[in-house]
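Let's take a friendly walk through a protein chain. Have the structure open beside you as you read.

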Amino acid sequence: MMLRHRRAGTAPAAVLAAALAAAGLTAGTARAAVPAAAPAPTPRPLAASCSQAYLPLPDPYCTPGAYNPDVTQATIGQTICVSGWTATVRPPTSYTNALKVRQIAAYGYADTNTADYEEDHFVPLELGGAPRDPANLWPEPRYGSQPAQSKDSVETKLKNAVCGGRVGLDDARTALVNDWTTALSVLGL
């Protein structure tokens with residue numbers, strides 16, 4: 001059975017930072033903010049088991065998402081809406097590949113071939129996701145009913161709507177984090 005999880009809050013930063021430090025990782029400075037309708041989940045360190053039950057979404061305890069503090073509604077004209085901007089903040093593959101290996105193990109995927117996963121920014125760079133924060137990166141399968149390529153097209157449509165003034169940045173981020181498979185319909189796109 002595949003579960004859907006509606007994200008209702010973010011993990012406390014101090015708890016997540018401690019969990020990441022215990023796993024030998026560093027956290028960014030920003031957390032993804034979504035409407036707080038329920039208590040925030042307590043994060044599990046990456047060394048612990050992350051659940052595949054939320055697929056095609058990441059486990060919200062392991063990958064709650066995080067924002068780049070330099071990207072706000074006021075700065076989109078100088079950041080995400082500038083052609084090629086994401087290339088200036090994208091982390092090197094030496095960083096993401098090493099993290100992907102650890103996260104594939106944490107998610108307990110039987111298939112450990114790194115080529116079968118995209119080390120995905122849950123909040124995409126094109127919507128101002130934190131580039132290097134492990135809380136915003138996860139090994140998204142390239143196979144299944146909702147492969148990584150499906151999310152990529154949603155991200156592009158959301159960015160175009162934000163840059164075109166049809167949707168606010170916070171609304172696009174919230175819809176995507178709550179459930180990227182319904183984000184476009186929730187926003188009327």
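## A buried charge without a partner

This is a predicted model, and our tour starts at glutamate 126. This glutamate is buried, yet it has no salt bridge. Its nearest side chain of opposite charge belongs to lysine 159, 5.0 Å away. A salt bridge needs a side-chain nitrogen of Lys or Arg within 4 Å of a carboxyl oxygen of Asp or Glu, so a separation of 5.0 Å does not count as one.

Where can you find glutamate 126? Look in the loop between β1 (117–121) and β2 (137–141). Setting aside residues up to four places away in sequence, glutamate 126 touches Ile80, Thr86, Asp152, Glu155, Thr156 and Lys159.

## Another glutamate to compare

Now turn to glutamate 119, which sits in strand β1. Glutamate 119 is buried and has no salt bridge. Here the nearest side chain of opposite charge is that of lysine 100, at 5.9 Å.

Which residues surround glutamate 119? Not counting neighbours within four places in sequence, its contacts are Thr96, Leu99, Lys100, Gln103, Leu137, Trp138 and Pro139. Try clicking through these residues on your screen.

## Where charges do pair

Side chains of opposite charge can pair when their charged atoms come close. How many salt bridges does the structure hold? There are 2. One joins the side chains of lysine 151 and aspartate 120, with 2.8 Å from N to O. Lysine 151 belongs to helix α4 and aspartate 120 to strand β1, so this pair ties together parts that lie 31 residues apart in sequence. Both of these residues are buried.

Lysine 151 also meets glutamate 155 in a salt bridge, at 2.4 Å from N to O. These two residues are 4 apart in helix α4, which means that about one helical turn separates them. Both lysine 151 and glutamate 155 are buried. Through shared partners, the salt bridges join Asp120, Lys151 and Glu155 into one network.

## The largest pocket

Next, look for an opening in the protein. The largest pocket holds about 380 Å³ of space. It is lined by 23 residues, and those closest to its centre are Arg90, Glu118, His121, Leu125 and Glu155. You have already met Glu155 as a salt-bridge partner of lysine 151.

Which elements give two or more residues to this lining? They are α2 (85–89), α3 (93–107), β1 and α4 (148–163). Sorted by class, the lining has 6 nonpolar, 7 polar and 10 charged residues.

## Stepping back to the whole chain

With those details in mind, zoom out. The protein chain has 6 helices and 2 strands. Starting from the N terminus, its elements follow the order α-α-α-β-β-α-α-α. Of the 189 residues in the chain, 47% are buried. Take the contacts between residues at least 6 apart in sequence: 72% of them join residues at least 24 apart.

Helix α5 (residues 169–179) makes a good last stop. Is it largely enclosed or open? Because 9 of its 11 residues are buried, the helix is largely enclosed by the rest of the structure. Its buried residues are Leu169, Ala172, Arg173, Thr174, Ala175, Leu176, Val177, Asn178 and Asp179.

Terms used
Residues are numbered from 1 along each chain as its sequence is written. This is a predicted model: local features need pLDDT of at least 70, side-chain atom pairs count only at pLDDT 80 or more; totals for chains, interfaces and linings use all residues. Side-chain values use heavy atoms; hydrogens and water are left out. Buried means under 20% relative accessible area, exposed over 50%, partly exposed in between (1.4 Å probe, protein chains only). Lys and Arg count as positive and Asp and Glu as negative; His and the chain ends are not counted. Contact means heavy atoms within 4.5 Å. On a 1 Å grid over the protein atoms alone, a cavity is a set of points where a 1.4 Å probe fits but cannot get out, and a pocket is an open set with protein on both sides within 12 Å along at least five of seven lines; lining residues have an atom within 4 Å of a point. Grid points are joined across faces, edges and corners, and a volume is the space filled by probe spheres set on the points. Ala, Val, Leu, Ile, Met, Phe, Trp, Tyr, Cys and Pro count as nonpolar, Asp, Glu, Lys and Arg as charged, and the others, Gly among them, as polar.
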